[in-house]
Amino acid sequence: MFKQTIITCLRGFVTPVLALVAIMGQAQTTKTATITGYSPALKDSTVTECSVENVRVASDTVIGGHFTLTVPVEGLTKSYLFLEGEGCPNHLMTIWLKPGVEVKVTGTDCLYPLWKVDSPLPEQQTVSRITEHGHDMLAEMLRLGLANAPWEEEKVVYMKYLKQTMDILPSLPVDAASLDELEDVAIMARNYQKDFPYMEQLKELEASTAARAPKGFEEQLALIHTQVYPPHILQVGEEAIDAELIDMEGQKHHLAEVLGQPSRYVLLDFWSLGCYPCRISEPEMREVYDKMQGKLEIIGINQDKLSAWQEDNFSKSIVWKNWNDGKMGKADVENHYCDMKAIPYYVLISPDKRILWKGAGYGAGWFLGMAEAISGPKQDNTANLQLAVRSIGIKPDVTTINFRYYGQEGYWFRIVKESYLEANGKKYQLTAADGITLDENNYPKEKATATTEGVMGKLFYTDFTLTFEPFDTTPTTFDFKEGDGEGAFVIRNIAIEK
């Protein structure tokens, strides 16, 4: 059992786990639109931001309840308004813009996603009608967010909000805004698949929307269809497939260039510039990449607009293969590899091109633990990447296993006395522990790197040895199970080299 925080950005969810981070200045354009806002409840310290395509393009600080954002735009543009300050929810508000347009948002509180929006654009009027129709559910979502309610509680309300969105969409015109809302519903349906309770209604809505859509929306309709009827998503154990990607210079590449090389694992990293956990995972990935030269190749698959990705300093600093899917996260490579629309999303592939592990979000210590497993005895520690077997001792009277556990400072792990090895159809019980105390919270003791800043500065490890009953017959492989309780560690298929 262990205490761990996994952070992720869930695409298609109007309240992301973490808001978009500031990335770069305004785009190179002379055309602009304006967003002005006012609420007497806003504190003067409140920061307002506008982002387009995952990039912050304008910001202002509230003074006397007022703010003004000058946003660079070339044509009809979907932007997100975000307010960070006391009483403001962690929520993105959709604002549609065009060159020369002024949009006014006003309210009497800090719940800006519910504020009145004055705009001449029909797309914004579409969004306002959807917001008004789902007002009560949206208000409840904001309340839960401000109360830091667990996602499972918020998810119930959000699903009801999606249902209300689907209920009103047939009465709205098919335009960029209504299709964007339908795409968000479809993405969430794909994310939750069997757990999405309104799948039949979504299928009917997707078909009726496509039937009455005017020309010019064929590409977006095709993307929505792909979410409602996703292609086969590759699962652990299946063979990886090829995909075409683009590098920073615009040259085309294929996954096949890297897959299937002897003794070399491949880690696919689906990420975006505006994804905070994508960025804070980079130092640990860099540490592992340097340590695992020749054993591990990393392929970053960026999902931003090509120009924004190519011009960004963070992108330019990446040392492994830094490619882009060319369709802002909507290409076949993501549809085939990712079970859900969330970033960061990782896929680990073996030298024989088999998928070993898939995971959304980032947990500190994942990649260092992955490196330990790749470098140590052959094993499957993907159920908990922070724990890895480093060595095995087989004797007539005992079996000893040396482990290493990575975790953040102050985060505990626990090994129970009921732990055992499983092999030959039998259980071999734990008899002793050295380096930890069984059935108690243990904390990583040694610094994992010399770094003192960020997540890496708080990343520690602990080595410990567990002693088990001897094998009656030495197996080829065995499993380690930290008891049978909920949240127990499991490392499977640990190989004994003879």
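Q: How far from the ring centre of Y420 does K427 lie?
A: This is a predicted model, where local features need pLDDT of at least 70, side-chain atom pairs count only at pLDDT 80 or more, and totals for chains, interfaces and linings use all residues. Residues are numbered from 1 along each chain as its sequence is written, and side-chain values use heavy atoms, leaving out hydrogens and water. A charge sits over a ring if NZ of Lys or CZ of Arg is within 6 Å of the ring centre and within 35 degrees of the ring normal. K427 lies over the face of Y420, and its distance to the ring centre is 4.6 Å.

Q: The charged end of R404 sits over which ring?
A: Try R404 next. Its charged end is 3.9 Å from the centre of a ring, and that ring belongs to Y461.

Q: Are W151 and Y192 stacked, edge-to-face or tilted?
A: Rings of Phe, Tyr and Trp (its six-membered ring) pair if their centres lie within 6.5 Å; planes under 30 degrees apart count as stacked, over 60 as edge-to-face and the rest as tilted. The structure holds 19 aromatic pairs. For W151 and Y192, the centres are 6.5 Å apart and the planes 35 degrees, making the pair tilted.

Q: Which helix holds Y192?
A: Helices here are DSSP runs (H or I, at least four residues), as are strands (E, at least two), numbered from the N terminus. W151 is in helix α3 (residues 151-168), 41 residues away in the chain from Y192, which is in helix α4.

Q: Does Y192 count as buried or exposed?
A: Buried means under 20% relative accessible area, exposed over 50%, and partly exposed in between (1.4 Å probe, protein chains only). W151 has 27%, so W151 is partly exposed. Y192 has 13% relative accessibility, so Y192 counts as buried.

Q: Which helix gives the largest share of the largest nonpolar core?
A: A nonpolar core is a set of buried Ala, Val, Leu, Ile, Met, Phe, Trp, Tyr and Cys residues joined through side-chain atoms within 4.5 Å. The largest one has 100 residues, and F67, V71, V105 and L267 have the most contacts inside it. Nine residues, the largest share, come from residues 176-192, which is helix α4.

Q: Which strands stand at the edges of the open sheet β4-β3-β6-β7?
A: Two strands pair if DSSP finds at least two bridges between them. This open sheet has four strands with antiparallel pairing. Two of them have a single partner strand each, so one side of each is left without a neighbour in the sheet: β4 (55-61) and β7 (93-97).
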